[in-house]
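Me: I've got a model open and would like to go through it with you, one spot at a time. Can you take my questions as they come?

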Amino acid sequence: MGKVFAVVNQKGGVGKSTTAVNLAAYLGSRDKKVLCIDIDAQGNTTTGFGVKKKSVEYTAYDVLIGQARIQEAIVRTEFKNVSLVPANSALAGAEVEMVQLDDRMNRLKMQLLTCRLDYDYIFIDCPPSLSLITVNALVACDKLIIPMQAEFYALEGLSQLMETVKIVRSKYNPSLDIEGILFTMFDSRLNVSNQVVEEVEKYFPDKVFETKIPRNVRLSEAPSHGKPVMYYDKSSKGAEFYELLGLEILGEKAKPKEKRKLFGRKSK
Ligand SMILES: Nc1ncnc2c1ncn2[C@@H]1O[C@H](COP(=O)(O)OP(=O)(O)O)[C@@H](O)[C@H]1O
Ligand SMILES: [Mg+2]
């Protein structure tokens, strides 16, 4: 049965969609069957895979509201082994409509139960809020991937998220746990970056991914070409670091020598 990750942080612009797209693409390239579920009305993951929001018949909105079965909403992307449940601005209205529905916390979970067997990994790309839609992801998933920037206020946001996780755990999803906290747009030369990592590691021992994603211009360019970075510029630092993250998820850590090579090399 596929492992379900929610990529979550109520702050916007921390690298959730970038992480969902690039991690999914890498695992797909490694012969894993992957499904990405875009549950953000901005649809950045949808665009990131080059799927035109206007061309799709059903979106995550229809799935959450119950107007479509998840199988009907899944589209193939042009990237190896990666399928997608797209999102568009219709999702912005879902929140209000869902409030009136029975079982509103479990809607994504129920839909996922019908397709989990078809995939090795499922990534849910969450919106930048702790809304009912995000709670649906927390209820439906096994583990959280929490991208964050190494900023002074990061810990505050993290403790707010953990409050919500605690509630979801006690009421709906007792085994909910953190897969890893992922530092993104990371600059190890900055003192503050290293201080924040230390602080987060103190509160969440063994929960911080060893891989820290550096700022890389190719990562920000790739979505405008509708491609994960590994298909846009295979030799970029962004592609290499998302590969390292993928290896961590697979439990196949890169050999220390390979890692030194990556950290030491100059790259675009
Ligand atoms: N490691 C990175 N280096 C450079 N730009 C990045 C990196 N990660 C994300 N970005 C860019 O930062 C912006 C926010 O990232 P995004 O993944 O959309 O965040 P979120 O989904 O959390 O809102 C996007 O324009 C994205 O292309
Ligand atoms: Mg996003």
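Reply: Sure, and one cut-off first: a residue is called buried under 20% relative accessible area, exposed over 50%, and partly exposed in between. Bear in mind that this is a predicted model.

Me: OK, let's start with V14. Is V14 buried or exposed?

Reply: V14 sits in the loop between β1 (3-7) and α1. The cut-off for buried is under 20%. V14 has a relative accessibility of 2%, so V14 counts as buried.

Me: Which residues does V14 touch, not counting those up to four places away in sequence?

Reply: One long-range pairing to look at is V14 with P128: they are 114 residues apart in sequence, with their C-alpha atoms 9.2 Å apart in space. P128 is not on the contact list, though, which counts heavy atoms within 4.5 Å. The residues that V14 touches are N9, P147, M148, Q149, T184 and M185.

Me: Now the ligand. Where does ligand 1 sit, and which helix gives the largest share of the shell around it?

Reply: Ligand 1 sits in the largest pocket. Two helices, α1 (16-29) and α10 (217-221), each supply at least two residues of its shell. The largest share, 3 residues, comes from α1.

Me: Which residues come nearest to ligand 1?

Reply: There are 15 residues around ligand 1. The ones that come nearest are G13, K16, S17, T18 and N216.

Me: How far is the polar side-chain atom of T18 from an oxygen atom of ligand 1? And what share of the ligand's area does the protein cover?

Reply: Take the backbone first: a backbone N or O atom of G15 lies 3.0 Å from an oxygen atom of ligand 1, and a polar backbone atom of S17 is 2.9 Å from an oxygen atom of the ligand. For T18 the polar atom belongs to the side chain, and its distance to a ligand oxygen is 2.5 Å. On its own, ligand 1 has 550 Å² of accessible area, and the share covered by the protein is 80%.

Me: Over to α1 again. Which residues is G28 in contact with, leaving aside neighbours within four places in sequence?

Reply: G28 lies in helix α1 and is buried, with a relative accessible area of 0%. Its C-alpha atom is 4.7 Å from that of N81, although the two are 53 residues apart along the chain. With sequence neighbours left aside, the contacts of G28 are V34, K80, N81 and V82.

Me: N81 caught my eye on the Ramachandran plot. What is its phi?

Reply: N81 is found in the loop between β3 (75-76) and β4 (82-85). Its relative accessibility of 26% makes N81 partly exposed. Most residues other than glycine have a negative phi. N81 is not a glycine, yet its phi is positive, at about 65°.

Me: D103 has a positive phi too. Is D103 buried, partly exposed or exposed?

Reply: D103 is in the loop between α5 (94-99) and α6 (107-113), and its phi is about 60° although it is not a glycine. Its relative accessibility is 44%, so D103 counts as partly exposed.

Me: Let's do S193. Which residue's backbone oxygen lies 2.9 Å from a polar atom of the S193 side chain?

Reply: S193 lies in helix α9 (residues 191-203) and, at 4% relative accessibility, counts as buried. Beyond its neighbours within four places in sequence, S193 is in contact with A150, F186 and D187. The backbone oxygen 2.9 Å from its side chain belongs to D187.

Me: And which residue has a side chain in polar contact with the side chain of D187?

Reply: Look in the loop between β7 (177-184) and α9, where R189 is found. R189 is exposed, with a relative accessible area of 71%. At 3.0 Å, the side chain making that polar contact with D187 is the one from R189.

Me: Last one, on A150. Which residues does A150 touch, not counting those up to four places away in sequence?

Reply: A150 is in the loop between β6 (143-149) and α8 (154-171), and at 13% relative accessibility A150 counts as buried. Its C-alpha atom is separated by 8.2 Å from that of M185, 35 residues apart along the chain. The residues that A150 touches are F183, F186, V192, S193 and V196.

Conventions. Residues are numbered from 1 along each chain as its sequence is written. Chains are lettered from A and ligands numbered from 1 in the order in which they are written. This is a predicted model: local features need pLDDT of at least 70, side-chain atom pairs count only at pLDDT 80 or more; totals for chains, interfaces and linings use all residues. Side-chain values use heavy atoms; hydrogens and water are left out. Helices (H or I, at least four residues) and strands (E, at least two) are DSSP runs, numbered from the N terminus. Buried means under 20% relative accessible area, exposed over 50%, partly exposed in between (1.4 Å probe, protein chains only). A polar contact is a pair of N or O atoms within 3.5 Å; within protein, one must be able to donate a hydrogen and the other to accept it, and residues adjacent in sequence count only if both atoms are side-chain atoms. A residue is near a molecule or strand if one of its heavy atoms lies within 4 Å of it. Accessible areas come from the Shrake-Rupley method with a 1.4 Å probe; for residues, only the protein chains shown count as cover. On a 1 Å grid over the protein atoms alone, a cavity is a set of points where a 1.4 Å probe fits but cannot get out, and a pocket is an open set with protein on both sides within 12 Å along at least five of seven lines; lining residues have an atom within 4 Å of a point. A molecule sits in a cavity or pocket if more than half of its atoms lie within 2 Å of its grid points.
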